[in-house]
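Notebook open, coffee ready. I want to look up a few things in this protein and jot down what I find.

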Amino acid sequence: MSATQIDIFPYTLDGTMTQNTGRLHAMLMEPGSFTAFSIPAAAYVFLAPGFMKYNRMKSLVIGIAFILTLTTSMIVAVVIILFLKFYYYFKYLRIGLVVCFIVGVCWCINNRDILSSSEYFVNPQLRAIQEKITQTLSMVEYAEPEDFEHLNTSSYVILTNYWIAFNAPCRILGTGLGTHAQNYERMYKSGFGGYGLNKDDAYSMFARLYSEFGLLGLCLYAFFLVRYYNKDNIISLCLIVFFISYLIKGGHYMLYGTAFFHIVYYFISPYKINLFQKNIDA
């Protein structure tokens, strides 16, 4: 693609035109779609003991493909993967790691003006990711979607959908399955060119769950993740990386393997494995 300017995957499997941005997207619509779909695989490469050592070529291909998406979701996933890597394999450093992470996040928030300087990132793709993060953080203080219209598209979309989620009615139980788009159209009207982007999926699973199922829905989802987590299964840990990343960015219930990943997570839980073993013994 970089050498010939020819996109060998101009369409998705259902015939939809893909977004030719110069970043890796395979046969999915956009780079972010490929990022979401491949998060569990990327997590497995780094978190599975010995996999990278004995499967170097596979690890290299998966890692390079994942990084070449050059998306904000990829950066978020990598940070989560590295955090879990250190957390689980350097047990004596856990407290220090958590403290450093919290301090680092606070420093980035307090020094967003310094980080927004273009001299930090020469590469245009990295600068675009930097712009999304810094502008999103800097605009949290505003409370009207009209203010978000002056930002880059990614920051505008995520902040607008969060604004809808937090200001929608019935914040305890939510407004019901599939109603985020209706809340969007009812609460925010504009002639802005980017109006309506990702209104169906809220651009974030956290925002969509809170919008459609309220505080109760978020609590039930958190209960599901905790209740069915299998600490002895590496696949379960890799799926946790996907779920956390998806809560931050990605709100489709069915696309990118979302439903499948949740089903797998449920069936490899200690609860289901023990129940299956009891049925065999009986």
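**Helix α12.** I started with the length of helix α12, residues 234-248. Helices here are DSSP runs of H or I with at least four residues, strands are runs of E with at least two, and both are numbered from the N terminus. The expected span of a helix is 1.5 Å times one less than its number of residues. For the 15 residues of α12 that gives 21 Å, and the end C-alpha atoms are 22 Å apart, so the two agree.

Before going on, a note to self: this is a predicted model, where local features need pLDDT of at least 70 and side-chain atom pairs count only at pLDDT 80 or more, while totals for chains, interfaces and linings use all residues. Residues are numbered from 1 along each chain as its sequence is written, and side-chain values use heavy atoms, with hydrogens and water left out.

Next I asked how many residues of α12 are buried. I found 11 of its 15, so I call the helix mostly covered, given that buried means under 20% relative accessible area, exposed over 50%, and partly exposed in between (1.4 Å probe, protein chains only). Among the buried ones are Leu237, Cys238, Phe242, Phe243 and Tyr246. What covers them? The list includes α1, α4 (72-89), α9 (153-167), α11 (205-227) and α13 (258-267); contact here means heavy atoms within 4.5 Å.

**The whole chain.** I counted elements next and got 14 helices and 0 strands. Of the 282 residues, 39% are buried. I also looked at contacts with a separation of 6 or more: 57% of them join residues 24 or more positions apart. The protein exposes about 16300 Å², with 68% of that supplied by carbon and sulfur atoms. Those areas come from the Shrake-Rupley method with a 1.4 Å probe, and for residues only the protein chains shown count as cover.

**Cysteines.** How many disulfides does the structure hold? I found 0, using the cut-off of two cysteine sulfur atoms within 2.5 Å. A disulfide is a covalent bond between the sulfur atoms of two cysteines. I checked two cysteines anyway: Cys170 is partly exposed at 42% relative accessible area, whereas Cys238 is buried at 3%.

**Salt bridges.** I searched the whole structure and found 2. The rule is a side-chain nitrogen of Lys or Arg within 4 Å of a carboxyl oxygen of Asp or Glu.

- Glu185 pairs with Lys199, with 2.4 Å between the closest N and O atoms. This pair links distant parts of the chain: Glu185 sits in helix α10 (residues 180-187) and Lys199 in the loop between α10 and α11, 14 residues apart. Glu185 is partly exposed, at 35%.
- Glu212 pairs with Arg208 at 3.1 Å, N to O. They are 4 residues apart in helix α11, so about one helical turn separates them. I recalled that an α-helix has 3.6 residues a turn, so residues three or four places apart point the same way. Is Glu212 buried or exposed? Glu212 is buried at 1% relative accessibility, and Arg208 is buried too, at 10%.

**Tyr44.** I went back to α12 from another side. Tyr44 lies in helix α1 and is partly exposed at 28%. In sequence Tyr44 and Ile235 are 191 residues apart, but their C-alpha atoms are 7.2 Å apart in space. Leaving out residues up to four places away in sequence, Tyr44 touches Phe51, Ile234, Ile235 and Cys238.

**Odd backbone angles.** Most residues other than glycine have a negative phi, and most peptide bonds are trans. So I noted the exceptions I came across. Asn198 has a positive phi of about 60 degrees, and Ala202 has one near 70 degrees. Asn198 is in the loop between α10 and α11, and Ala202 is found in that loop as well. Asn198 is partly exposed at 29%, whereas Ala202 is buried at 0%.

**Surface patch.** Last lookup: Ile6, Ile8, Phe9, Leu13 and Met27 form a nonpolar surface patch with about 540 Å² of accessible area together. Patches are made of residues with over 30% relative accessible area and no salt bridge; like charges are joined within 9 Å, nonpolar side chains (Val, Leu, Ile, Met, Phe, Trp, Tyr) within 5 Å. Phe9 is in the segment before α1 (31-47) and is partly exposed at 31%.
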